[in-house]
Amino acid sequence: MKVYVTQEMVCTNNFLIFVYIVTFLPIQLVICHGNIYVDDGGPKDWPNKYPQCGGNRQSPINLPSICDALRINNYGNFRRSKTFTKKPNNVKVSVTDHGVEIKPTYEYGEQVTITGGPLQDTYVLEQIHFHWGSNNSVGSEHTIKSKVYALETHAVHYNFKYGSFKNAINQSDGLLVIAYVYYPQWITKSKSWNLLTKQFVYMSDTNTTESDITGFPALTDILPPFDSNYYTYSGSLTTPPCSESVTWIVSGKPVPISTVRLRALRGLYGIQPGAINNFRPVQPLNGRLITVKINEAEYILKCIFGRIL
Ligand SMILES: [Zn+2]
């Protein structure tokens, strides 16, 4: 059977393709490549859509020098589950609309938990994610004495008594985020970061948004444990819906990170435009109390001798 294609049919088809592109493609682009840090006015306009983002307990914030904040030295040591020092069975890596997150899973469904320090309850690790910039002068969400760092890691936990992240998100004591800020250095050693760097490059090259890593070391490597030299305050999630349910614990000891690793993170921009400059600007403190734990020896060294020398 012969099929005759007339000029009119070609134009009609072209017109239909044009209508499809104009009508549906922008929607698809928004769905596939939405960037909450740029779209619809970015973070300053989040409160219009998510009222909690305009609340008075928002994060991140600018932290003072650890020497100038209120010291509370009766915070005991943290108590972490044994899983914290155990190799996960698998680590799931997912590129999301605001960066990349990793989620470790363990044999028999074991969980990673933490309590102690300033915490009244036990918190369960949900996921770990990162905030970074397009160059080394930006990236962190929290700043220390107004200094911006190149990267910030957030280990997001939910309060065990609420049973899940979803149930905990709207409770004032529902979530805990442990944060680390990083400064760039030429070479750094970390098995976790070696594996993540390779994975990020692979995912960028193959346009993959979900993958798994086996052979990942214990979390002590990527979340160095500390019992002193940290800040704590009441805040919020730093992405919409900005729920005011987070107890923040921010390490006062910036961690070195190699520029190769930062470049691998930045490469994820190719598959998700939200995966770069994914940091919210600092928010007003609104009279909130920031307390710190720093042991006596560190205090003397850093805050007394450090200031004289
Ligand atoms: Zn975060």
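**Rings, helices and backbone features of a predicted model**

Trainee: Over the face of which ring does Arg71 lie?
Mentor: The model under discussion is predicted. A charge of this kind counts if CZ of Arg is within 6 Å of the ring centre and within 35 degrees of the ring normal. Arg71 is placed at 3.8 Å from the centre of the ring over whose face it lies, and that ring belongs to Tyr299.

Trainee: At what distance from the ring centre of Tyr149 does Lys147 lie?
Mentor: For Lys, the cut-off is that NZ is within 6 Å of the ring centre. Lys147 lies over the face of Tyr149, and its distance from the ring centre is 5.1 Å.

Trainee: How confident is the prediction overall, and over which residues does pLDDT stay under 50?
Mentor: The mean pLDDT of the protein is 89, with 88% of its residues at 70 or more. One stretch stays under 50, and for it the model has 9 contacts beyond four places in sequence. That stretch is residues 1-32.

Trainee: How many aromatic pairs are there, and what is the geometry of Phe78 with Phe226?
Mentor: Rings pair if their centres lie within 6.5 Å, and by this rule the count comes to 8 aromatic pairs. In the pair of Phe78 and Phe226, the centres are 6.2 Å apart and the planes stand at 90°. Planes over 60 degrees apart count as edge-to-face, so the geometry of this pair is edge-to-face.

Trainee: How many residues apart in sequence are the parts that the pair of Phe78 and Phe226 ties together?
Mentor: Phe78 lies in strand E3 (residues 78-80), whereas Phe226 is in the loop between strand E11 (210-213) and strand E12 (230-235). Phe78 is buried at a relative accessible area of 7%, and Phe226 also counts as buried, at 11%. Because of where the two rings lie, their pair ties together parts whose separation in sequence is 148 residues.

Trainee: Is the pair of Phe78 and Tyr230 stacked, tilted or edge-to-face?
Mentor: The ring centres of Phe78 and Tyr230 are 5.3 Å apart, with 45° between the planes. Under 30 degrees would count as stacked and over 60 as edge-to-face, so the pair is tilted.

Trainee: Which residues form one aromatic cluster with Phe78?
Mentor: Phe78 in strand E3 pairs with Tyr230 in strand E12, so this pair ties together parts 152 residues apart in sequence. Tyr230 counts as buried, at 0% relative accessibility. The aromatic cluster joins Phe78 with Tyr180, Phe226 and Tyr230.

Trainee: At what angle do helices H4 and H5 pack, and is their crossing left-handed or right-handed?
Mentor: Helix H4 (residues 191-206) and helix H5 (residues 259-267) have their axes 8 Å apart and pack at an angle of about 35°. On the H4 side, the contact includes Trp193, Phe200 and Val201, and on the H5 side it includes Val260, Ala264 and Leu265. The crossing is left-handed.

Trainee: Which elements are included in what covers the buried residues of H5?
Mentor: The buried residues of H5 are Thr259, Arg261, Leu262, Ala264, Leu265 and Arg266. What covers them includes strand E5 (99-105), strand E7 (123-132), E9, E10, H4 and strand E14 (255-258).

Trainee: Is Leu175 buried or exposed, and what separates its C-alpha atom from that of Thr247?
Mentor: Leu175 lies in strand E10 (residues 175-185). Leu175 is buried, because its relative accessible area is 0%. Beyond four places in sequence, Leu175 touches residues including Tyr123, His157, Phe165, Leu237 and Thr247. Leu175 and Thr247 are 72 residues apart along the chain, and their C-alpha atoms are separated by 6.2 Å.

Trainee: Which residue does a cis peptide bond join to Pro240?
Mentor: One cis peptide bond, with omega about 5°, joins Ser59 and Pro60, and Pro60 lies in the loop between helix H2 (46-49) and strand E1 (62-63). The cis bond at Pro240 has omega of about 15°. The partner of Pro240 in that bond is Pro241.

Trainee: Lys145 and Asn229 have positive phi; is Asn229 buried or exposed?
Mentor: Lys145, with phi near 50°, is found in the loop between strand E8 (143-144) and strand E9 (151-159), and counts as exposed at 59% relative accessibility. Asn229 has phi near 60° and sits in the loop between E11 and E12. The cut-off for burial is under 20%; the relative accessibility of Asn229 is 8%, so Asn229 counts as buried.

How values were computed:
Residues are numbered from 1 along each chain as its sequence is written. This is a predicted model: local features need pLDDT of at least 70, side-chain atom pairs count only at pLDDT 80 or more; totals for chains, interfaces and linings use all residues. Side-chain values use heavy atoms; hydrogens and water are left out. Rings of Phe, Tyr and Trp (its six-membered ring) pair if their centres lie within 6.5 Å; planes under 30 degrees apart count as stacked, over 60 as edge-to-face and the rest as tilted. Helices (H or I, at least four residues) and strands (E, at least two) are DSSP runs, numbered from the N terminus. Buried means under 20% relative accessible area, exposed over 50%, partly exposed in between (1.4 Å probe, protein chains only). pLDDT is the predictor's confidence in each residue, from 0 to 100. Contact means heavy atoms within 4.5 Å. Axes are lines fitted to C-alpha atoms, for helices over the stretch in contact, and angles run from 0 to 180 degrees between N-to-C directions. A crossing is left-handed if the near helix is turned anticlockwise from the far one by less than a right angle, and right-handed if clockwise.
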